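Here's a quick tour of one model, starting from the inside and working outwards. Have the sequence and the coordinates open as you read.

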Amino acid sequence: MEEADRKRTLYVGGLEDKVDVAILTAAFLPFGEIKDVQIPLDHATQKPRGFGFVQFEEIDDALSAADNMHHAGRWVVGRCCCCCCCCWSVSYTHLTLPTI
């Protein structure tokens, strides 16, 4: 993933099991055009792992969404979600959180 894509991608944690791509997309669509939404599944159970990633077309939209969703304590399907900009570490494929 390129550096510009990393800055447009949000980590969204604390998601309810029933949150799917359509629900997560709808929650973030008011902040700008969305390029991609992913909700990783547990390999053993094939159930959502409780977090997802939302990638925006524009960096400013991602920053606005992160600020609004995280600091305002927004709820997605009955749970308060945490949201922050993130980067993927290409060699280890885990999250590292940048200083904003």
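Leaving aside neighbours within four places in sequence, which residues is Leu24 in contact with? In this predicted model, the list runs Val12, Leu15, Val19, Val37, Ile39, Gly52 and Val54.

Leu24 also turns up in the largest nonpolar core, a set of 16 residues. Along with Leu10, Phe28, Val54 and Phe56, Leu24 touches the most other members. Who supplies the residues? Strand 1 (9-13), helix 2 (21-28), strand 2, strand 3 and helix 3 (59-71) each put in at least two, and helix 3 gives the most, with four. As background, nonpolar side chains in soluble globular proteins tend to be buried together.

Now for the rings. Searching the whole structure turns up five aromatic pairs. One of them joins Phe28 and Phe56 in an edge-to-face arrangement, with 6.4 Å from centre to centre and 70 degrees between the planes. That pair links distant parts of the chain, since Phe28 sits in helix 2 and Phe56 in strand 3, 28 residues apart. Here are the two partners side by side:

| Residue | Relative accessible area | Status |
|---|---|---|
| Phe28 | 0% | buried |
| Phe56 | 0% | buried |

Why do both count as buried? Because each has a relative accessibility of 0%, and the cut-off for buried is under 20%.

Elsewhere among the aromatics, Tyr11, Phe51 and Phe53 make up one cluster.

One backbone oddity to finish: Gln46 isn't a glycine, yet its phi is positive, at about 60 degrees. Look for Gln46 in the loop between strand 2 (34-38) and strand 3 (51-56).

Definitions and conventions: Residues are numbered from 1 along each chain as its sequence is written. This is a predicted model: local features need pLDDT of at least 70, side-chain atom pairs count only at pLDDT 80 or more; totals for chains, interfaces and linings use all residues. Side-chain values use heavy atoms; hydrogens and water are left out. A nonpolar core is a set of buried Ala, Val, Leu, Ile, Met, Phe, Trp, Tyr and Cys residues joined through side-chain atoms within 4.5 Å. Buried means under 20% relative accessible area, exposed over 50%, partly exposed in between (1.4 Å probe, protein chains only). Contact means heavy atoms within 4.5 Å. Rings of Phe, Tyr and Trp (its six-membered ring) pair if their centres lie within 6.5 Å; planes under 30 degrees apart count as stacked, over 60 as edge-to-face and the rest as tilted.
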